[in-house]
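Work through these exercises with the structure open beside you. Try each task before reading its solution.

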Protein chains: 2
Amino acid sequence: MDTKRRSDCPISCSLDIWGDKWSLLIIRDLMFAMQCTYGDFLKSEEKIATNILANRLQMLEANGIITKLTHPESKAKVLYQLTEKGIDLLPLMVEIHLWADKYSVIPPGRKEFLKEVKKDKEAFIKSGIKELKKKLVKEA
Amino acid sequence: MDTKRRSDCPISCSLDIWGDKWSLLIIRDLMFAMQCTYGDFLKSEEKIATNILANRLQMLEANGIITKLTHPESKAKVLYQLTEKGIDLLPLMVEIHLWADKYSVIPPGRKEFLKEVKKDKEAFIKSGIKELKKKLVKEA
DNA sequence: ATATTACACTTGCAAAACGCAAGCGAATAT
DNA sequence: ATATTCGCTTGCGTTTTGCAAGTGTAATAT
């Protein structure tokens, strides 16, 4: 596990955690798509490799962004869940969406999401965080 | 230059552009530190390698985030500048700062920046973008 | 009870990206 | 004329990635 930070700059420290091509996609799946198992992440259209996925899940867990839980309906399944720290990345994810919306083509499915966001950004984020935290399951 | 996108998801497309350990640091330097030459970027405390820097500058230019200008005081120097698309990453950078502020130690120098942000985020971003766009120089 | 499948990884290996040091050409300074 | 600054480029060893195949445990089917 990479533990040395390059500097004490907040941007740099953040990038040390999730500054790669995959981490935020896992967080996206957990945050918006309600996909929360290893198998779910593999099914996402970007097609992450199994070893990279395992590595990133470890990384995100080590950095307190996600936690592992035993799946309620089966001991064979693992349920990944955003921590509060992970949930608090929602504003960031929203800003990425807004930026992408301004400068590239957004797939139809996300258009309504963006419509909601633009209606009242602050309210959207506040209620989104509240929703996610409500679902947060504490480890036994 | 990498041109194939992994999916049409806005998060994924954004990461295809600046989803690495260095790009946002270059953007940070242009946005907050007013460092805008190749040499300036090299001096940043994270110590980016020369070839990686050259590659990222190319990448960011190819994606319309930055432009190259001849430096007003010397033909030997190159002045890099954020485009409007690059400037519009300011809200994102602010959110990263706020997240990092909540979950890690922020160096004293950035504390006043964050104080300003927290006072009135929307106003801070709006005036920040305005400032940056005012300085924007059009290529001859 | 046994076999098969589902699930979450691990492993091996080739290819690509990275990091470091050195070099190079044009522009400026001396 | 010579040296230095500046913005890269090149070579090369190391690390990370991507792909395919395999492994172990738990659930399910027979």
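**Exercise 1. Compare the reach of helix H6 of chain A with the expected span, then find which of its residues are buried.**

Step 1. Locate the helix: H6(A) covers residues 90-103, 14 residues in total. Helices (H or I, at least four residues) and strands (E, at least two) are DSSP runs, numbered from the N terminus.

Step 2. Take the distance from the first C-alpha to the last: H6(A) reaches 20 Å. The expected span is 1.5 Å times one less than the number of residues. For H6(A) the expected value is 20 Å, and the reach is close to it.

Step 3. Check burial. Buried means under 20% relative accessible area, exposed over 50%, and partly exposed in between (1.4 Å probe, protein chains only). In H6(A), 12 of the 14 residues are buried, so the helix is largely enclosed by the rest of the structure. Among them are Leu90(A), Met93(A), His97(A), Trp99(A) and Asp101(A).

A note on the model: it is predicted, local features need pLDDT of at least 70, side-chain atom pairs count only at pLDDT 80 or more, and totals for chains, interfaces and linings use all residues. Residues are numbered from 1 along each chain as its sequence is written, chains are lettered from A and ligands numbered from 1 in the order in which they are written, and side-chain values use heavy atoms, with hydrogens and water left out.

**Exercise 2. Describe helix H2 of chain B and the residue just after it.**

Step 1. H2(B) runs over residues 23-33. Nine of its 11 residues are buried, which leaves the helix mostly covered.

Step 2. Name some of the buried residues: they include Ser23(B), Ile26(B), Arg28(B), Asp29(B) and Met31(B).

Step 3. Move just past the helix. Met34(B) takes a positive phi of about 55 degrees.

**Exercise 3. Find the operation that superposes chain B on chain A.**

Step 1. Superpose the copies by least squares on the C-alpha atoms of residues with pLDDT of at least 70 in both. The result is a rotation of 180 degrees, with 0.0 Å of shift along its axis and an RMSD of 0.0 Å.

Step 2. Interpret it: the two copies are therefore related as by a two-fold rotation axis.

Step 3. Look along the axis. In chain B, the C-alpha of Asp20(B) is nearest, at 2.3 Å.

Step 4. Compare the contact residues (contact means heavy atoms within 4.5 Å). Of those in chain B, 100% recur in chain A, and the same surface serves both copies.

**Exercise 4. Map the protein surface near DNA strand D.**

Step 1. Collect the residues with a heavy atom within 4 Å of the strand, the cut-off for "near". There are 19 around DNA strand D, and the closest are Arg56(A), Lys75(A), Gly39(B), Thr50(B) and Tyr80(B).

Step 2. Turn to the DNA side. Sugar and phosphate make up 61% of the strand D atoms that come within 4 Å of the protein.

Step 3. Pick out polar contacts, here pairs of N or O atoms within 3.5 Å. The side chain of Trp22(A) places an N or O atom 3.1 Å from a phosphate oxygen of strand D. Gly39(B) brings a polar backbone atom to 2.9 Å from a phosphate oxygen. A backbone N or O atom of Ala76(A) is 3.4 Å from a sugar or linking oxygen.

Step 4. Ask which element gives the most to this surface. H4(A) does, with four residues.

Step 5. Sort by class. Ala, Val, Leu, Ile, Met, Phe, Trp, Tyr, Cys and Pro count as nonpolar, Asp, Glu, Lys and Arg as charged, and the others, Gly among them, as polar. Strand D has eight nonpolar, seven polar and four charged residues near it.

**Exercise 5. Repeat the mapping for DNA strand C.**

Step 1. Here 18 residues surround the strand. Thr50(A), Tyr80(A), Asn51(B), Arg56(B) and Lys75(B) come nearest.

Step 2. Sugar and phosphate account for 60% of the strand C atoms within 4 Å of the protein.

Step 3. List the contacts. A side-chain N or O atom of Tyr80(A) is 2.3 Å from a phosphate oxygen of strand C. For Trp22(B), the corresponding side-chain distance to a phosphate oxygen is 3.3 Å.

Step 4. H4(B) gives the most to this surface, with four residues.

Definitions and conventions:
Polar contact = N/O pair within 3.5 Å; in protein donor to acceptor, adjacent residues only side chain to side chain.
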